[in-house]
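User: Please examine the structure shown below and answer a series of questions on its side-chain pairs, packing and backbone geometry.

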Amino acid sequence: MATPLSDTPLSPSSPLKTVAVVGLGTMGTGIAEVLARAGREVIGIDVGEEQAARALAALEAATARAVRRGRLSEEERAGMLARVRTGTDLTAAADADLVIEVAPESYEIKQRILGELDGIVRPDTILATGTNALSVTRLASGSARPERVLGLHFFNPAPAMKLVEVVSSVLTAPQAVAAVTALAVELGKEPVAVGDRPGFVADGLLFGYLNQAAAMYEAKYASREDIDAAMRLGCGLPMGPLALLDLIGVDTARTVLEAMYAESRDRLHAPAPLLKQLSEAGLTGRKAGRGFYTYAAPGSATVVPDALTPAAGDTGAAGRTVRSVGVAGSGTMASGIAEVFAKAGYDVVLAARSEEKARAARARVGKSLARSVDKGRLTAEAAAQVLERIVPAGSYDAFAEVDLAVEAVAEDLDVKRQLFAALDKVCKPGAVLATTTSSLPVVACARATSRPQDVIGMHFFNPAPAMKLVEVVRTVLTADDVHATVREVCGRIGKHAVDCGDRAGFIVNALLFPYLNNAVKMVQEHYASLDDIDAAMKLGGGYPMGPFELLDVVGLDVSLAIEKVLHREFREPGLAPAPLLEHLVAAGCLGRKTGRGFREYARR
């Protein structure tokens, strides 16, 4: 049981008026700015006078920009700067109500600071560590007042990011948590209460994903540009994982992952060897001017070409001519792909198992085009022309003259193999045969034909008319000119093509679904709530949807199927589907489509 904070415990509404920030790097300076904006007296402390001076200069520049943009008046700016003073000695924190240390991620450094503060601050002062990787419990255990030590994890850049993780150890007194949580709210932040484990919520999910992206690149499965583009365009993320590693710092990521692995022993958290190599070579990302990418200068955000930068438009082979396209299927994906090709000027045959299903799929395209007309994106005349290019057919015999056949039928290997065997008989020699599978082996579809060299994967994302990404999946048998053809076609239909090999999940699903699975494990282990995890990833990671929102949209059954495929292919214990996900699927709770998944939804 936590011991009392003091004889006069703080209430949740008690103001922490004076706050010391120890460590005036980028994060510490940002936290100081946030505190000063909220009317707190701020004491900035750093071992070097030069760093303290840089922090003050950064605050002056940031507040000057705010004045120019009309976000602060000159009077407010003067008041803010007057509330900030700096020093190089920890004794300056003697009168602080709260001390936040944001020193380097080292137990030795942080414990030394907390130990020295024990002899300087008042007995009722709260000590907060800004660590994102180290154990708060271990740091608190070295303090003479462990009940008043907690974690306060801001996200970079602190003035802009809304999330703050408030981390309790088994020793932390509830009053300290309440006081700091109240402060976070007054700072305009969204506090999320979490327990003490490396990475907490946001980084605990984020860094596993980043590590897998680094391992994917290290294995030469896909280029750095394609990995980053795939996650930005396929998931709506603000940055690709390798660019984000450069921003965070490759060395920082390695430290966080080492701490996560030490606790979890999950091989997915064991830092990719490339992270160690880059760190020890000093190629730590933007701050060094080089990491996964090369930058114009240390600290610059501008990426410059280097020896690994691909030549624009270089496919390495001449492609085949494509004038007409066949789309097989009658579902949402098939109709969406047909719309994409027709909008780009291709003649499209939309074939299904019956004429009725094909006409219904074409009608779905008509409704989509009508919505575009209503929103002013298309004229009625242009929409009519697009629809005229789509011819419905009740038999795949209609594909006899198409140059490219794209299947978008059920995600069932037997069904797809039967279809490819049929296309092999129907389609003319030289036609390219493409599958839109998201998780099945493309080569298995290819082997169902007598021309495996003509078969390739074209993984569109749903909804196909809106999503810009297409994963182009080569098998070991795919011909160079087939690959070049599909790359060229992607450009003509306005899609961004990324290349990847024929293995489970390709790029996006191989990185996305382990992250979703780990989020389920967090809830299963009662570490954090659905709402807190979703909030953490949206506010701390810039994700457009939290993991549980996304799982319910995708469908829990679909998600479980993909996770089983990944586990079967890579044999990693950490990829085994979370039992909670399996139980929900068994109970028929599949997400929005059934009205209940991780959350309940109103029936339409």
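User: Which residue forms a salt bridge with K538, and at what N to O distance?

Analyst: This is a predicted model. In it, K538 pairs with a carboxylate whose closest oxygen lies within the 4 Å cut-off for a salt bridge. The pair links distant parts of the chain, with K538 in helix α19 (residues 530–541) and its partner in helix α20 (residues 547–554), eleven residues apart. The partner is E549, with the closest N and O atoms 3.3 Å apart.

User: Are K538 and E549 buried, partly exposed or exposed?

Analyst: Partly exposed covers the range between 20% and 50% relative accessible area. K538 has a relative accessibility of 34%, and E549 has 23%. Because both values fall in that range, K538 and E549 each count as partly exposed.

User: Which residues of α20 are buried, and what arc do they cover around the axis?

Analyst: In α20, the buried residues are P547, F548, L551 and D552. An α-helix has 3.6 residues a turn, so residues three or four places apart point the same way. The buried residues of α20 accordingly lie on the same side of the helix, since their arc is only 135°.

User: What covers the buried residues of α20?

Analyst: One of the buried residues is F548. Leaving aside neighbours within four places in sequence, F548 is in contact with residues including A519, V520, V523, L530 and I533. Helix α18 spans residues 508–524, and α19 spans residues 530–541. The cover over the buried residues of α20 includes α18, α19 and α21 (556–570).

User: How many residues does the largest nonpolar core have, and which helix gives the most to this core?

Analyst: In soluble globular proteins, nonpolar side chains tend to be buried together. The largest nonpolar core here has 104 residues, and those with the most contacts inside it are Y209, F292, F399, I507, I533, F548 and F598. A second, separate core of 36 residues includes A361, V472, A479 and I493. The helix that gives the most to the largest core is α18, with eleven residues.

User: Which residue meets R40 in a salt bridge, and how many residues apart are the two?

Analyst: The closest N and O atoms of the pair are 2.7 Å apart, and the partner of R40 is E186. R40 counts as buried because its relative accessibility is 8%, whereas E186 counts as partly exposed at 41%. R40 lies in the loop between α1 (26–37) and β2 (41–45), while E186 lies in helix α6 (residues 174–186); the two are 146 residues apart.

User: How many salt bridges are there, and which residues join into one network?

Analyst: The count comes to 29 salt bridges. Among them is the one between R254 and E280, at 3.5 Å from N to O. Salt bridges that share partners also join residues into one network: D97, R122 and D124.

User: Which peptide bonds are cis?

Analyst: Most residues other than glycine have a negative phi, and most peptide bonds are trans. P157 is found in the loop between β6 (149–154) and β7 (163–168), and P463 is found in the loop between β16 (455–460) and β17 (469–474). Cis peptide bonds include that joining N156 and P157, with omega about 0°, and that from N462 to P463, with omega near 0°.

User: Are F200 and R571 buried or exposed, and what phi does each take?

Analyst: F200 lies in the loop between β8 (190–195) and α7 (202–218), whereas R571 lies in the loop between α21 and α22 (579–586). F200 is buried because its relative accessible area is 0%, while R571 is exposed at 65%. Neither is a glycine, yet phi is positive in each: about 55° for F200 and near 60° for R571.

User: Why does the radius of gyration of the protein agree with that of a compact globule?

Analyst: The protein has 22 helices and 18 strands, and its C-alpha atoms fill a box of roughly 85 × 50 × 50 Å along the principal axes. Buried residues make up 52% of the 604 residues. A compact globule with 604 residues would have a radius of gyration near 25 Å, so the value for the protein agrees: 28 Å.

Conventions:
Residues numbered from 1 in each chain as written. Predicted model: local features only at pLDDT ≥ 70, side-chain atom pairs only at ≥ 80, totals over all residues. Heavy atoms only, no water. Salt bridge = Lys/Arg side-chain N within 4 Å of Asp/Glu carboxyl O. Helix = DSSP H or I, 4+ residues; strand = E, 2+ residues; numbered from the N terminus. Buried < 20%, exposed > 50% of the residue type's maximum accessible area, 1.4 Å probe, protein only. Core = buried A, V, L, I, M, F, W, Y, C linked by side-chain atoms within 4.5 Å. Contact = heavy atoms within 4.5 Å. Rg over C-alpha atoms; globule rule 2.2 N^0.38 Å. Arc of directions from axis to C-beta.
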